[in-house]
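Welcome, and thanks for opening the viewer. Let's take a short walk through this structure, one selection at a time.

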Amino acid sequence: MTHEPPADPDDPALAAAQAERFSQARTAQAQALLEDYTEMIDDLIREHGEARITDIARLMGVAHPTATKAVARLKREGLAVSRPYRGVFLTEAGAEMAERVRSRHRVVVDLLIAVGVPPESAERDAEGIEHHVSDETLMAFERFLGGRG
């Protein structure tokens, strides 16, 4: 695997291009976090009828204030709502995001298992891949899996 050398800080065009790549990576990471939270909230709602911040924090492995901040962002993005003395609930857009992520996860896991990755490793590895794989690549995974039937 080859890596590009760092941009020459004295070359404004190269430096700007590198800064843009890092900016895109940070945006993708922030989006992945939203996706993980919507999926977790959806799982909790399916299992318990609601998602409490305490449960979200525990299952995401973060402190309560971190989960609270993430849920506040979900609410700002129109992906979740909360009700006093109840919990956090997904909006239609949030539920759609959770389902999309769950579907992507399943395809990635199935592909990894199909190429010989042990199921436990496939589940763990899919957690990162599912957020970054392009729709085009995901469709190729599905075609590959469909052709194996």
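In what order do the elements of the protein chain run from the N terminus on? Colour the model by secondary structure and follow along: the order is α-α-α-β-β-α-α-α. That gives 6 helices and 2 strands in the protein chain. Please keep in mind that this is a predicted model.

**Stop 1: the whole chain**

Zoom out until everything fits on the screen. Taken along the principal axes, the C-alpha atoms fill a box of roughly 55 × 50 × 25 Å. The radius of gyration is 18 Å, well over the 15 Å that the globule rule gives for 149 residues, so the protein chain is more spread out than a compact globule.

Now switch on a surface. The protein chain exposes about 9600 Å², and carbon and sulfur atoms supply 56% of that area. Buried residues make up 33% of the 149 residues. If you look at contacts between residues at least 6 apart in sequence, 52% of them join residues at least 24 apart.

**Stop 2: inside helix 1**

Next, select Thr 38, which lies in helix 1 (residues 12-48). Is Thr 38 buried or exposed? Its relative accessibility is 0%, so Thr 38 counts as buried. Show the neighbours as sticks: leaving aside residues up to four places away in sequence, Thr 38 touches Leu 74, Leu 79, Leu 90, Gly 94, Met 97 and Ala 98.

**Stop 3: where two helices pack**

Select residues 53-60, which form helix 2, together with residues 64-76, which form helix 3. The two helices pack at an angle of about 110°, and their axes are 8 Å apart. Helix 2 and helix 3 are therefore roughly perpendicular to each other, since angles of 65 to 115 degrees count that way.

Which residues make the contact? From helix 2, pick Ile 53, Thr 54, Ile 56 and Ala 57; from helix 3, pick His 64, Ala 67, Thr 68 and Val 71. Colour these residues by type and you will find 5 nonpolar, 3 polar and no charged.

**Stop 4: after helix 6**

For the last selection, go to Arg 148, in the segment after helix 6 (135-146). Arg 148 has 49% relative accessibility, so this residue counts as partly exposed; the exposed class begins over 50%. Finally, draw a distance from Arg 148 to Ala 114: these residues are 34 apart along the chain, and their C-alpha atoms are separated by 9.0 Å.

Conventions
Residues numbered from 1 in each chain as written. Predicted model: local features only at pLDDT ≥ 70, side-chain atom pairs only at ≥ 80, totals over all residues. Heavy atoms only, no water. Helix = DSSP H or I, 4+ residues; strand = E, 2+ residues; numbered from the N terminus. Buried < 20%, exposed > 50% of the residue type's maximum accessible area, 1.4 Å probe, protein only. Axes fitted to C-alpha atoms, helices over the stretch in contact; angles between N-to-C directions. Parallel < 35°, antiparallel > 145°, perpendicular 65-115°, else oblique. Contact = heavy atoms within 4.5 Å. Nonpolar A, V, L, I, M, F, W, Y, C, P; charged D, E, K, R; others polar. Rg over C-alpha atoms; globule rule 2.2 N^0.38 Å. Areas by Shrake-Rupley, 256 points an atom, 1.4 Å probe, with all protein chains shown as cover.
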